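This report covers the strands, cores, buried loop positions and charged pairs of one protein chain. The sequence and structure come first.

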Amino acid sequence: MKNRKKRIEVIVDIINNQCVGSQEELAALLDSAGYKVTQATLSRDLKMLKTTKVPTDKGTYMYILPDTNTIKDKLLATGQTDLTNNHQSGFVSLKFSNNIAVIKTRNGYAPGIAYDIDISNVEEIIGTIPGTDTILAVLAEGVSHERAREVLSRFLPLNNKIPTY
């Protein structure tokens, strides 16, 4: 049993720190860490961990674990981190209409990004309404589009090439 517990810890570490898209890839990484497993054993371990596969911006998939956002949520809520280095952002574009920011994302990414914005409690954004690929973010009274862009750059990989209106 000790071997299983340690193997599970290694699996969690690999999934949390690498973009792993298949059981074969995970098995190879485990093997290089000294854990030889069968596909059936690995499948049971992944099921027990309640892993999920999510799409990446590169058109592939990767495993994630439930509750892996706990630390990120705490850092966002206290303003100690931004997500611009996240390769999984799914961000497409940002446009403004009066006090509303319209954020376009790849299909399925809007709820996660909206959650990150809401959990951060930034005073410039009153709240968000996510769809599947679009987020409506309501700006607080008097917040300029430039200031909103600065705030949203904590969550979105904004640069000069991305149009804002």
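Helices and strands are taken here as DSSP runs, helices of at least four residues and strands of at least two, numbered from the N terminus. The model is a predicted one.

**Loop positions**

By these runs, Thr51 sits in the loop between α3 (39–48) and β1 (52–55). Buried means under 20% relative accessible area. Thr51 has 19% relative accessibility, so Thr51 counts as buried. Apart from neighbours within four places in sequence, the contacts of Thr51 are Ile15, Leu46, Tyr63, Ile64 and Leu65.

Thr56 belongs to the loop between β1 and β2 (61–64). With a relative accessible area of 2%, Thr56 is buried. Thr56 and Gly90 are 34 residues apart along the chain, and their C-alpha atoms are separated by 7.7 Å.

**Strand pair and cores**

Strands β5 (residues 125–130) and β6 (residues 134–139) run antiparallel and are joined by five bridges. In this pair, Ile129 stands opposite Leu136 of β6. The connection from β5 to β6 is a hairpin of three residues.

In soluble globular proteins, nonpolar side chains tend to be buried together. The largest nonpolar core in this model has 23 residues, and Leu94, Ile103, Ile125, Leu152 and Leu156 touch the most other members. Two or more residues of this core come from each of β3 (91–97), β4 (100–105), α5 (110–120), β6 and α6 (145–152). Helix α5 supplies the largest share, four residues. Another core, of 15 residues, lies apart from it and includes Val20, Leu26, Leu30 and Leu46.

**Helix α6**

Which residues of α6 are buried? They are Ala148, Arg149, Val151 and Leu152. Viewed down the axis of α6, the buried residues fall within an arc of 160 degrees, so they line one face of the helix. The elements covering these buried residues include β3, β4, α5, β5 and β6.

**Salt bridges**

Side chains of opposite charge can pair when their charged atoms come close. The structure holds six salt bridges, and three of them are listed below with the N to O distance.

| Pair | N to O distance |
|---|---|
| Asp45 and Arg4 | 3.6 Å |
| Glu124 and Arg147 | 2.8 Å |
| Arg147 and Glu150 | 3.0 Å |

Asp45 forms a salt bridge with Arg4. Because Asp45 lies in helix α3 and Arg4 in helix α1 (residues 2–17), this pair ties together parts that are 41 residues apart in sequence. Asp45 is buried at 1% relative accessibility, whereas Arg4 is partly exposed, with a relative accessible area of 31%.

Glu124 and Arg147 also meet through their side chains in a salt bridge. Glu124 is in the loop between α5 and β5 and Arg147 is in helix α6, so the pair ties together parts that are 23 residues apart in sequence. Glu124 counts as buried at 11% relative accessibility, and Arg147 counts as partly exposed at 35%.

Arg147 has a salt bridge to Glu150 as well. Both of these residues, Arg147 and Glu150, lie in helix α6, three residues apart, about one turn of the helix. Glu150 is partly exposed, with a relative accessible area of 41%. Elsewhere, salt bridges that share partners join Arg4, Arg7 and Asp45 into one network.

Technical notes. Residues are numbered from 1 along each chain as its sequence is written. This is a predicted model: local features need pLDDT of at least 70, side-chain atom pairs count only at pLDDT 80 or more; totals for chains, interfaces and linings use all residues. Side-chain values use heavy atoms; hydrogens and water are left out. Two strands pair if DSSP finds at least two bridges between them. A nonpolar core is a set of buried Ala, Val, Leu, Ile, Met, Phe, Trp, Tyr and Cys residues joined through side-chain atoms within 4.5 Å. Buried means under 20% relative accessible area, exposed over 50%, partly exposed in between (1.4 Å probe, protein chains only). Contact means heavy atoms within 4.5 Å. The arc is that of the directions from the helix axis to the C-beta atoms. A salt bridge is a side-chain nitrogen of Lys or Arg within 4 Å of a carboxyl oxygen of Asp or Glu.
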